[in-house]
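Student: I should like to learn how aromatic pairs and surface patches are read from a model. May we work through an example together?

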Amino acid sequence: MVSARSVDRQLDTCFSNLMVSSGGGRGQAETGGAMPMLSGWKDLPMELLMRIISVAGDDRIVVVASGVCTGWHDALGWGVTNLSLSWCQQNMNNLTISFAHKFTKLQVLTLRQIKPQLEDSAVEAVANYCYDLRELDLSRSFRLSDRSLYALANGCPQLTKLNISGCSSFSDSALIYLSCHCKNLKSLNLCGCGKAATDESLQAIAQNCGHLQSLNLGWCDNVTDEGVTSLASGCPDLRALDLCGCVLITDESVIALASGCPYLRSLGLYYCQNITDRAMYSLANSCVKSKRGRWGTPRSSSSNSKDVDGLANLNISQCTALTPPAVQAVCDSFPSLHTCPERHSLIISGCLSLTNVHCACGLQRHRAGSALQATSHAY
């Protein structure tokens, strides 16, 4: 932990720098009045304290400073909206419990861990006090149970971004409950949550979280086409979907996404070995349809180019059933997909049959190299 003496030294430095940069010594001459005298740190105005803390740029200082006095406690409690405790290697659980009631205006909280520390009691404390929380990272919290999801659902209904990757103890019933209460979710990371991510919970997410834009289902091996097709129909705003390691899905999932999610920019299908050319051609055809608009009318020229361009990242590594013509059709349809090393966004590792698939710029380089080689042979 950071000591109070260390905090004092860092705050002194920040205060001195701020006074110099703002011309603190000129205040009396320029305003014609006497500058207020500060007898100690506790006399600092709230605005100046918040500016010093922001310059310090260390969340450890924020935590320690909040316990200096009631004034600082109140100022930081009202002023701090973004906090990370990922630096805490020990006692993160107790630390979280102790500060939750101090920072009631938090909107972004990161509790990512290297080794498991967090328990349900800490998440419950956050849910009890941080009503305005919008973004929460609980990744690698292996000790958490369904109690945490129920607490968040009841205490933090404004959540828009939640990362619970690696939280393998959560059940699908708890995730369903969360989706019914946190309907503003736009980003949800469920990577490795095999028990929570089921077709039933995905159906609930599709029904309740229609604004979802990013979903990570990596290595959730209970997910089938039924769950993914529900997402495609209920979450049309999806921009990024990671299905890597979802070994049960087939072409039906990709076809549903191609039809129902016109703004999809990133799709991960790593090790989805049931995917065939039929899925690739559905993606390629969806690009043609999107260029003409969903109902066959040309898109407005004012449309967001990022939406019109379609897929910009596609991972089909280890999808060994795919053939070069189908993958080339996808690459040709989406100009943002690249096989060239500088802009590698079409990932085909482990698919030896696809090595001759090239993006437009990669094909030009390939042709230029072939021409140069032919010229050198001529001489």
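The dialogue below turns to aromatic rings, a surface patch and one helix.

Tutor: This is a predicted model, numbered from 1 along each chain as its sequence is written, in which local features need pLDDT of at least 70, side-chain atom pairs count only at pLDDT 80 or more, and totals for chains, interfaces and linings use all residues. Side-chain values use heavy atoms, with hydrogens and water left out.

Student: How many aromatic pairs does a search of the whole structure find?

Tutor: A pair of aromatic rings is described by the distance of the centres and the angle of the planes. Rings of Phe, Tyr and Trp (its six-membered ring) pair if their centres lie within 6.5 Å; planes under 30 degrees apart are stacked, over 60 edge-to-face, and the rest tilted. The search finds four such pairs. In one of them, the centres of Y270 and Y271 are 6.0 Å apart and the planes are at 40°, so this pair is tilted. Ring pairs also join W219, Y270 and Y271 into a cluster.

Student: Is Y271 buried or exposed?

Tutor: Buried means under 20% relative accessible area, exposed over 50%, and partly exposed in between (1.4 Å probe, protein chains only). Y271 is partly exposed at 34%, and Y270 is partly exposed at 28%.

Student: Where is Y271 found?

Tutor: Y271 lies in the loop between β8 (266–268) and α13 (277–291); helices (H or I, at least four residues) and strands (E, at least two) are DSSP runs, numbered from the N terminus.

Student: Which residues of helix α7 are buried?

Tutor: In α7 (residues 120–129), they are D120, A122, V123, A125, V126 and A127.
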